[in-house]
Structure formats: structure tokens, C-alpha cells
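Welcome! Please open the sequence and the 3D view side by side, and work through the exercises below at your own pace.

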Amino acid sequence: MLDLFTIFTKGGIVLWCFRSTNQLFGSSVNALIKGVILQERSGVYDHDGLSLQYKLDNEFELVFVVAFQKILQLAYVDKFLSDVHLEFRDKYKNDLRVDSRNYGEFDFSADFHRILERAEKWGRQQATMPKQMRSYEDSAKSKKTVASMIERKGEEKPAGKKSVKIVEKKKAEEGEVDYPSSPNARAANGGGPGEDLILENRKKFAEKMLGKGKKPEKQKSPKSPQQQKSGKQMRVWDLGGNTKDLPNLDRSKDRPEDVRSDFTANDQMIGSMRGGIQDLNVESDSDNYSEEEDDEEEEEYAGGPGKKQTGGTRGGMFAMFKGLVGSKNLSRDDMQPALEKLRDHLIGKNVAADISQKLCESVANKLEGKVIGTFDTITTTVKNTLTEALVQILSPKRRVDILRDCLEAKRAGRPFVMSFCGVNGVGKSTNLAKICFWLIENNLSVLIAACDTFRAGAVEQLRTHMRHLNALHPPEKHGGRSMVQLYEKGYGKDAAGIAMEAIRYANESHIDVVLIDTAGRMQDNEPLMRALAKLIKVNEPDLVLFVGEALVGNEAVDQLVKFNQALADYSSSDRPHIIDGIVLTKFDTIDDKVGAAISMTYITGQPIVFVGTGQTYTDLKALNAKAVVHALMK
């Protein structure tokens, strides 16, 4: 059933290997190392019809990898990996120690086949057993008690945390409170103005109940003979939609007065985006974390029983790891409570739930089996582990330099083509205009292809942006060359054909860059996804950018997975062109909930090329991985 099982060190030395076929698995194992182990991901990895899983041993720095056919559903693989891991390290622990490593011949075949036979038998038993419903005691809901949701009077509430409060009062526990019925009684009990108001309202209510049924007669003022009731007059709208108004309502073609742009050029805006794009700075509204505060917190925590322990109110989310026990090998049971809090924190920062679980698994795999000496180093180790994992996820896996690529295409005598896709209302046209302004700031002429032939007003929106951009960079400043042009054929046309004609026109007119604006579409709309795959297949753009909102959480995962899947399924090509990068919009509306950036890059493995931070042409930034991670870990 298994095709491959291999054990090797983190340095790449193969200690033992089992193969059931003559197939070479080097490319699949290398792909697993490059795409999963080095990226600190978890789960099953598929490559060339194989499913691969791995397990790390951090104490002896070993990697256990198993591979089997993707079509098979083997329920015992996780248990089998754990059993082989424990058997191998217990049998050869003296040879695997760091101080006395002796990599000789490991005779592990008999033990391996014995464990495999036992695991297969266990898997068959599990398959025949009926699936039992999880009991209430096993659920997470049973772990939450009413006492954890009650805040008693006099207790200190944790800083920086908002929650629903249930306040207990002693009087309510003793019984019903009797209100004094007379002013003398109120004076004796020390009543305040609140009790006076209660008695006054009671008196009004009693008078109202006594007078119920008697309707006071309303005095009507006599109508004057001149006063007549006038009916509602119908409002007459300008350009109400009659046939005679059609020439005034038709805005599909420019008029002489429309050609002149009323956009006033801002001199401060011109020249502000030359060269590379500035990095994004993320300001967090949470606890102001710094290394000095973290050091002070650790000192207070380790100060002994005489000092007040204030850990948890300062130092951010990593204070929860102070409860872990040091001076021993960390196990999953030790880390489980802290990892659950870490997962909830990531979800609260808008990271998708599945991605949060996988990140916690990554942290657990990296820390399991490590020896932690003191309480202070637990916090430092967990923080560094998570920081490295998140920065590695957000860091581009390949070079992303659009200006350099545009100049190389210009030297080759062809335009550089970028296509924008995404769901409805995420800001594709607006951010296309920002990128266009950045390109013309760097002296590159741009042709905008209006391929959104569905949404009303899409072409007019791009035409307005073209006028504004040409007002900022008029042809007089560029030797009579118009820096921004719009190629449009109206509505209801084939988008792929318009894009092809636009690229041909740009090639003939020696325009440097073509930006293709496409219609917004939901990821489940199969006809529109087929049309998008056709546009990309026919025109073969240099860069396909997915435009997504920073406001979404789990929806970002669904959008990206289905867009990528649709581009691969509907392209009818052996090597389909899928998403190359991400434009993250509306980043100025999320404060420090930056989890969408993690979700999107984790799913696709593609970099976030641009970040939109506002409505003006200069509100375009490059992603700063460390700043995003710093805000995420608050």
C-alpha cells in the first residue's frame, strides 16, 4: 500500500529508506521539502499523483516521510508515522545524540514491517467499526463554564480585552428588593432622587389606569372657508427618460465639453511615486508592545512570590506561554492550551480558521521535542518561531520587480501586459488607476483596455481616470506623447477579443504597458469564470493579479482557491496560467486585523504585490512583511 518511507536528517543525510516499487521519488521528496517543510506547512502534500506526509523530530533533528498513491484513502497513516517515529528514536537514540552521532547502518526493516502490519490491521478494524457520535464532554463547549463568563464586583478586569460581562449583586442574591412607599421611609433608608422618580412614575401610572376608558374630547378649530385641502403635486424630474431626452442621456461617446478635464492637478502628488513603491506601515491599536516591556514583564514574572505578577496585561499575546513548564522536552499536551489561545487570537485578527489551525500545527511541529530551560526562553522561543513562520509566508518566493520587467519588455519591442481579476466591488478599476499613475510617474506610457463590458459605467469610470491622469501628466511634459490612453469598444462585446485588439494596438503604437480591466465575477459563476480563463489563455498576459479585499477572512480562501481552480480547469492547456500575485485593497479600513494577507499568501504561495490604502492615486504601498507580522502578533 505504501510506495515510499524514508528517514533522513534535517541536514539531508538519508538514514533509512523503504521502496515498494522501482519508481524514483527524489523529485517528489524535494518538492515536499521545498514547498512544505521549509515553508513550515502541515497536512497532506500532493505531487505527481502521490500523497506525501511528514513528521519532524526536533530533539534529534530527523524527518520521517511517507508517500502513497493519491487515489488511496489510508486512515492509518498518521498513527503509523507516529509509531515508526517512536520506535526508531527509542531504538537508536544513543546513535542519534548530538554529542555522539554515529550514522552507521540502521537495520530497521523487520521493525518497520511489523509496525506496518499492525497499523494496517488497526485501519481495517477502524473501517468496520460504526462511527460514534462525539459526546458532550469531548466538545469544546463543555470546557467553558458559567464562572468563566461572570465578572464579580471588585475583581480587576484584564486590560485591552472586551467581553460580555455578567455582574453579580449581593442584593439580588438575597431576594427581592423592597422599595419604600413613602417619603419618610425613603429618608430613613437614605433614598436618592432615583427613588423619587420611581414613586412619581407610579403615581402617574395609577392616575392613567383610573382614567382609562374616558377619552378626552379634542377641540377642533373651525375650518375657514378659504382653506381647501390640496392634493400632492407630482414632481417633474429633469431628463425624466422620455424619447426626447435620449440624446442628452447618451454618454457612450465624448462630447466637446467632456474632453476638457475639470480635474485640478495637485503639484504635491506629481513626482511623489517615482522609483519603487514605499513600504506599508501598520499601526496597531492594541497594547503597545516593545522589547523593553517584554523584558520587564519577564522579570516581574520570575520575581518570586513577593512580587505582584503582572504578566498577561502587557507584552502582547505571548504572555499566555509563560505557564508552560521548562527544563524538559515540550510535548503537545504541554502546548495545547497555549496553542488554542493562539488559534483564537489569529482568528480574531481575521486569519481564516483553517489557516490558523495550520499555523498552530506548524508552531507545534517546530517546538515539539525541544528542551526549554527557563520560563523566559519559552516566550522567546514561541515568539521567534511564529514570527519566522509568518515572515516566511509573506516573503515572496520569487523576484517581484514590475518596473524592471516593463523595461525589459520595452527593450524587446513589445508591451508588458497585466490583467486584473477578482470578485465584484473590491476596487479593481480604482487600483488599476493607481498602478497606472505609478507607471507614468516612471515615464512609462500606458494603455488601459476596458474589458469590463458588463457593468454599467465601467468604461466611463476608466475614461474619467484617463482624463485625470493626463491632466497630472500632460503631453507637453513628455514630448507631446499621451501617457495614458483608453482602448474601449463599448458594452456587450467579447472581453478576450477587446484585450487582443488592445495588445495589438499597443504593439503598433509602441506603448509600454497594457493594463486589462476585467468584469467582477463571483468565484462560483461558471460561465464568467470560463470567460476569464479564455481571456488569459488567448492573450497570455505577463502578470495575472488577483484583487481582493483586506476585510474578508474565510471568504478570501474560498475566492482564491476557486479562481485558481477555474483558471486551471477551463484553460485547456497542459501548463495553465494561474494567479501570479495579489493586490490587497481597502487596507486602511481594518486597523490591525491584517489576517487576510496571511490567508491569501498561504493558499496561493504568491506574493502580495500592491496594497491599496486609500482613494487617491498615491495611496499605493508595497507590503512590509515584518510590519504586518508585528501587527498580527499584538
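## Getting started

Of the chain's 634 residues, 42% count as buried, where buried means under 20% relative accessible area, exposed over 50% and partly exposed in between, with a 1.4 Å probe and protein chains only. This is a predicted model, in which local features need pLDDT of at least 70 and side-chain atom pairs count only at pLDDT 80 or more, while totals for chains, interfaces and linings use all residues. Residues are numbered from 1 along each chain as its sequence is written, and side-chain values use heavy atoms, with hydrogens and water left out.

The chain has 21 helices and 17 strands; these are DSSP runs numbered from the N terminus, helices being H or I with at least four residues and strands E with at least two. Contact means heavy atoms within 4.5 Å. Among contacts between residues at least 6 apart in sequence, 71% join residues at least 24 apart.

## Exercise 1: the open sheet

Task: find the order of the five strands in the open sheet, and say which strands stand at the edges.

Solution.
- Step 1. Begin with β1 (residues 2–9) and β2 (residues 14–19), which run antiparallel and are joined by five bridges. Two strands pair if DSSP finds at least two bridges between them. T6 has C17 of β2 as its bridge partner.
- Step 2. Look at the hairpin of β1 and β2: four residues lie between the strands, and G12 takes a positive phi near 100 degrees.
- Step 3. Move to β4 (residues 50–57) and β5 (residues 62–69), an antiparallel pair with eight bridges. Here D57 stands opposite L62 in β5.
- Step 4. Put the strands together: the order is β2-β1-β5-β4-β3, with antiparallel pairing. β2 and β3 (45–47) are at the edges with a single partner strand each, so one side of each has no neighbour in the sheet. Neighbouring strands are turned by 20 degrees against each other on average, direction ignored.
- Step 5. Add the helices. α1 (residues 26–37) lies across β1, β3, β4 and β5 and runs at about 60 degrees to β4. α4 (residues 109–128) lies across β1 and β2, at about 50 degrees to β2. For such angles, axes are lines fitted to C-alpha atoms, for helices over the stretch in contact, and angles run from 0 to 180 degrees between N-to-C directions.

## Exercise 2: two helix pairs

Task: describe how α15 meets α16, then how α12 meets α20.

Solution.
- Step 1. Two packed helices are described by the angle between their axes and the distance between the axes.
- Step 2. For α15 (residues 428–441) and α16 (residues 458–472), the axes come within 11 Å and cross at roughly 25 degrees. The two helices are therefore roughly parallel; angles under 35 degrees count as roughly parallel, over 145 as roughly antiparallel, 65 to 115 as roughly perpendicular and the rest as oblique.
- Step 3. List the contact residues. α15 brings S429, T430, L432, A433, C436, F437 and I440, and α16 brings Q461, L462, H465, L469 and L472. By class there are eight nonpolar, four polar and no charged residues. Ala, Val, Leu, Ile, Met, Phe, Trp, Tyr, Cys and Pro count as nonpolar, Asp, Glu, Lys and Arg as charged, and the others, Gly among them, as polar.
- Step 4. The axes of α12 (residues 353–367) and α20 come within 10 Å and cross at roughly 75 degrees, which makes α12 roughly perpendicular to α20. I355, K358 and L359 of α12 meet I598, S599, Y602 and I603 of α20, a contact of five nonpolar, one polar and one charged residue.

## Exercise 3: covered elements

Task: say how many residues of α20 and of β16 are buried.

Solution.
- Step 1. In α20 (residues 595–604), nine of the ten residues are buried. Among them are G595, I598 and Y602. G605 follows α20 and has a positive phi, near 75 degrees.
- Step 2. In β16 (residues 608–612), five of five residues are buried. β15 (residues 581–585) pairs with β16 in the parallel sense over three bridges, and L584 stands opposite V611 in β16.

## Exercise 4: one loop residue

Task: is M269 buried or exposed, and which residues is M269 in contact with?

Solution.
- Step 1. M269 lies in the loop between α9 (256–259) and α10 (291–301).
- Step 2. M269 counts as buried because its relative accessibility is 13%.
- Step 3. Leaving aside neighbours within four places in sequence, M269 is in contact with F437, E441, L472, Y617 and T618.
- Step 4. The C-alpha atoms of M269 and T616 are separated by 9.4 Å, although these residues are 347 apart along the chain.
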